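Biologist: I'd like to go through this model with you, one question at a time. Could you start with the words we'll need?

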Amino acid sequence: MEEKHNHEHQHEHNHNESCECCHGEHNHSDGCGCGHDHAHEELNKKDFAFKVITGGVLLVAGYIMSELTERGIADIPSFVYLLCFGISYLIVGFDIIKEAIEGIIHGNFFNENFLMGIASVGAFAVGEYVEGCAVVFLFTIGEFLQSLAVQRSRKSIKDMLELKPQAVTVVCDGEEKIVSPEEVSVGDIMIVKPGEKLDLDGKIVEGNAEVDMKALTGESIPASKGVGDTVLAGSVILDGAVKVEATKEYKDSTVSKILEMLENSEEKKSHAEQFITRFARIYTPIVCLAALLIVIVPPLFFGQDWSEWIYRGLSVLIVSCPCALVISIPLSFFAGIGACSKEGILVKGGNFLEALAKADTAVFDKTGTVTSGKFEYVSCECYHCHCTDKNQHRELLGIIAGCERFSTHPLAKSINLAFGHYSDNMEIKDAKNYPGKGVSAVVDGVKYYVGNEKLMREVGIEFAETKLIGTAVYCCSETEFMGNIVFADIIRQDSKDAIACLKKDGVSMTVMLTGDNEEIANDIASKAGIDVVYSKLMPDEKAHKVEELQAQGRNVLYTGDGINDAPVIAQADLGIAMGGAGSDVAVEASDMVIMGDSLSKIAIGRRIARKTTRIVHENIIFSLAVKILIIIGCTIGIFDENAMWLAVFSDVGVCLIAIANSLRAMRVSKRDRKV
């Protein structure tokens, strides 16, 4: 658990180097050790075109002249075509040799440029000029194509980064003023016109509009928003100007959090990525030693031809580079994270995508997760209060709404939405939260407690439990029981389908944890198709239940939305927060955030995760199998005439094939979206 939630590690950035794809910050990877980070390499298309065209023309010219001379068709001095080969090599291979030397100076011998440099110079030494030039020529083309592929995989992340706002229109002393997002304070009134993007989280105080939240949730259908509704940063106002009161500063806004999550997602490496990084550091030196032995042992001890075995050893050197693995595997996870972000699923790292694919037990909070968190009023029962049929229990409803005014629980929001106006003229102070139980506050000079039966027992007041089916909110003063109101929670429209889909896709057990009573919990679980229910739980008891499941060897994902869910989210192998309505604490503690508040997103995310891990395994098996076969063939002489060409294919060709396979993780099919 310590490793899973260590989010404090940060990559060091070299701000002297700029990179378009990471907006001015360039970080170096230990990756395949080639001295630069493939995922962040800025493409220089003009430089590449000059190298390929000029170097390619000289290579072809040198090859034609050498063939004409060798076949006796023309008598061209050897220095002419050797000059063509030499200039071609310097044009195309200069940067490779330069970076190889820099790697040696910094003690990084076993990098890709070093291997290619030794192999190409060695080919020249044994008279294989065409192969020597072809090695650096094809390697350069492969590097460029790799960079193009990596940039394509980052596109969805770059699209999200474009959400970053540049300016905000606020009302200041009755006049409109344009300021930077960082200058906006909580309580400031922002004006958002049709077609404009909202830059900070807020609440609409004037106007109505259709709001496009596709960039956040992946949902294409706009939502209707009016006065009192919460709107998130990154949303686009489609019609009608609205005035929005900022409820958070920019650094705490939804967009800012999303950008931070996405920018840091590469830091959380999956187990496969960690393995390949360690593997490359051991594998490359071993193969280099094997290539050296191939060059030395047969000629020295068995009288074999030096030129032939140097050629074979150089071929093995080229084959040995593990670039296909070191590039394609992180790229696969990054492509998977990008695909998830398009669907409104924010995954904080490759390790969490891997955990989602492995999960076999899905645990859910009830309120606001399986259910919508939108409660319907059922009834009010008064005992010691001044309510009458005529005033429709306004005193009790006002007291309860007043106490719940500052609570973030979904039920509290429903109460205030329905009855908050009854407490408008009441003086509310000293509000206090009791996790898993309820709240208290001083209303018009009298202290009241509002919550479930646990809070009533803790206060020590005799109370009457309701017989109605629903979630009861009890109210008492320090001396007497006042009464209760009952609300019924509504199951989310897609909960049943989403849970059925998870079961179909390999989740063997579904569990619901709730602080509600057993009767209500069983009713909701039955409607949603959940296997196991635990009711009347405190937040710490929920965490213990997850711990018990983990002790049974289960890989547990937990989904919740409230402050009370944060400990359980942190305990699970994969913690998921319902980001649209979820609390900041739950979102912060989570490993994955569902922006659309729809459980179906988990099923979609799991399909993407499983597809991504499947692609990773395909790349590992394919790359190693091809390399091992060609190394064996080069060593025993099966590929003598074409050994170096095959070696180049096994490095550059296999790498490009693996990268192309990795990019499949970016595509989310209609079948994957179907729940």
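Modeller: Sure: buried means under 20% relative accessible area, exposed means over 50%, and partly exposed is in between (1.4 Å probe, protein chains only). Helices (H or I, at least four residues) and strands (E, at least two) are DSSP runs, numbered from the N terminus. This is a predicted model, where local features need pLDDT of at least 70 and side-chain atom pairs count only at pLDDT 80 or more, while totals for chains, interfaces and linings use all residues. Residues are numbered from 1 along each chain as its sequence is written, and side-chain values use heavy atoms, with hydrogens and water left out.

Biologist: Where in the chain is confidence highest, and where is it lowest?

Modeller: Confidence here is pLDDT, the predictor's score for each residue from 0 to 100. The chain averages 79, and 82% of the residues score at least 70. Over residues 1-42 the score stays under 50. The top mean, 95, belongs to β18, and the bottom one, 52, to helix α5 (residues 155-161).

Biologist: How many of the residues of strand β21 are buried?

Modeller: In a regular strand the side chains alternate between the two faces of the sheet. In β21, one side has L574, I576 and M578 and the other has G575 and A577, all of them buried. So β21 (residues 574-578) is largely enclosed by the rest of the structure, and the count is 5 of the 5.

Biologist: Which strands pair with β21?

Modeller: Two strands count as a pair if DSSP finds at least two bridges between them. L557 stands opposite L574 in β21, and M578 stands opposite I594 in β22. Both pairings are parallel, with 4 bridges to β20 (residues 556-560) and 3 bridges to β22 (residues 592-594).

Biologist: Which exposed residues sit on the face of α16 turned away from its buried side?

Modeller: Start with the buried residues of α16 (residues 495-504): S495, A498, I499, C501 and L502. They share one side of α16 because they cover an arc of only 155 degrees around the axis, taken from the directions from the helix axis to the C-beta atoms. The face turned away from that side carries K496 and K504.

Biologist: Which helix gives the largest share of the largest nonpolar core?

Modeller: A nonpolar core is a set of buried Ala, Val, Leu, Ile, Met, Phe, Trp, Tyr and Cys residues joined through side-chain atoms within 4.5 Å. The largest one has 50 residues, and M116 and V135 are among those touching the most other members. The largest share, 9 residues, comes from helix α22 (residues 643-662).

Biologist: What does M116 touch, leaving aside its neighbours within four places in sequence?

Modeller: Contact means heavy atoms within 4.5 Å. By that rule, the partners of M116 are I96, V135, F139, I318 and D651.

Biologist: Is D201, which meets K248 in a salt bridge, buried or exposed?

Modeller: A salt bridge is a side-chain nitrogen of Lys or Arg within 4 Å of a carboxyl oxygen of Asp or Glu, and D201 and K248 meet at 3.8 Å, N to O. The pair links distant parts of the chain, 47 residues apart. K248 counts as partly exposed at 22% relative accessibility. D201, with a relative accessible area of 3%, is buried.

Biologist: How many salt bridges does the structure hold?

Modeller: One of them joins R71 and E67 (3.1 Å, N to O), and another joins R457 and E465 (3.3 Å, N to O). Some share partners, joining D47, K51 and D95 into one network. The total for the structure is 13.
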